[in-house]
Amino acid sequence: MRLSALRSLRGHPTLRELTGCVQSRSFQSDFVPRDPKSKPIKYKYPSFYDPYGPRPPPSDKIIQLAERIAALSPEERNMIGPTLGERLRHPKMQPLLVEGTDLGAQGGSGAGTSKTEEKKAEKTAFDVKLEKFDAAAKIKVIKEVRAFTNLGLKEAKDLVEKVPVLLKQGITKEEANDIIEKIKAAGGVAVIQ
């Protein structure tokens, strides 16, 4: 005999007898099957997402103000921002220094003039690039790179193994020459860019 039959003979109900079938499923009486010929519902999405929801139209006062601003000359329009900043007591923004940054294709019309001015002015910031090193002097080169970059041993090793690589950027000519001499003494070749 099976164990469950023995238990039921002894008077002890089994778990199945207590709980019933665990995987029983009761269907809902209001369930309506989907019509196979029906098309899916198409929802209308807005052309753009506005997290603040629909806004009320601007008042007549705002529309008149916008028309008056549009009628001003370009010089007068340029004066609106600073004047409003003073009037509303906004803190003054510090101008961003873009010296030494490459604006690339996004530089706009002023990018061409800054390039010519940059050529006229003497270069003050230099980069040091490690070109190559002797395999026997690899450890010495890594130690020198660690000395002036403040990198850990693993980071310096990874940097040296990526030859050719920039070691230091935006330094003076004297610092660059000093670094080049130290790398040369250790058995590597570095250049100023």
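Q: Partly exposed means between the two limits: buried is under 20% relative accessible area and exposed is over 50%. So why does Asp-158 count as partly exposed?

A: This is a predicted model, so everything here is computed from it. Asp-158 comes out at 29% relative accessibility. That value falls between 20% and 50%, so "partly exposed" is the right label.

Q: What makes Lys-154 exposed?

A: Its relative accessible area is 57%. Exposed needs over 50%, so Lys-154 qualifies.

Q: How do you know that Asp-158 forms a salt bridge with Lys-154?

A: Look at the closest N and O atoms, which are 3.3 Å apart. The cut-off is a Lys or Arg side-chain nitrogen within 4 Å of an Asp or Glu carboxyl oxygen, so this pair passes. Asp-158 and Lys-154 both sit in helix H8, four residues apart, or about one turn of the helix.

Q: Why is the meeting of the Lys-182 and Asp-178 side chains called a salt bridge?

A: The N to O distance is 3.7 Å, and the limit is 4 Å, so it counts. Here too the partners are four residues apart, about one turn, this time in helix H9. As for accessibility, Lys-182 has a relative accessible area of 40%, and Asp-178 is also at 40%. That lies between 20% and 50%, so each is partly exposed.

Q: What makes Lys-138 and Glu-161 a salt bridge, and what does the pair tie together?

A: Their side chains meet at 2.8 Å, N to O, which is within 4 Å, so the pair is a salt bridge. Lys-138 belongs to helix H7 and Glu-161 to helix H8, so the pair ties together parts 23 residues apart in sequence. With relative accessible areas of 26% for Lys-138 and 39% for Glu-161, both are partly exposed. Lys-157 joins in as well: Lys-138, Lys-157 and Glu-161 are linked in a network of salt bridges. The structure holds four salt bridges.

Q: How do you know that S1 and S2 pair, and which way do they run?

A: Pairing takes at least two bridges, and four join S1 to S2, so they pair. They run antiparallel. One spot to check is Leu-130, whose bridge partner in S2 is Val-165.

Q: What makes S2 and S3 the edge strands?

A: Each pairs on one side only. The open sheet has three strands in the order S2-S1-S3, with antiparallel pairing. On average, neighbouring strands are turned by 25° against each other, direction ignored. Helix H7 lies across S1, S2 and S3, and runs at about 25° to S2.

Q: Which residues touch the most other members of the largest nonpolar core, and what makes them buried?

A: They are Val-128, Leu-130, Val-145, Leu-167 and Ile-183, out of 19 residues in that core. Core members must be buried, under 20% relative accessible area, so these residues are too. S1, H7, H8, S2 and H9 each supply at least two core residues, and H9 has the largest share with five.

Q: What is Val-128 in contact with, leaving aside its neighbours within four places in sequence?

A: Its contacts include Val-165, Leu-167 and Ile-171, along with Ala-176, Ile-179, Ile-180 and Val-191. In soluble globular proteins, nonpolar side chains tend to be buried together.

Conventions. Residues numbered from 1 in each chain as written. Predicted model: local features only at pLDDT ≥ 70, side-chain atom pairs only at ≥ 80, totals over all residues. Heavy atoms only, no water. Core = buried A, V, L, I, M, F, W, Y, C linked by side-chain atoms within 4.5 Å. Buried < 20%, exposed > 50% of the residue type's maximum accessible area, 1.4 Å probe, protein only. Contact = heavy atoms within 4.5 Å. Axes fitted to C-alpha atoms, helices over the stretch in contact; angles between N-to-C directions.
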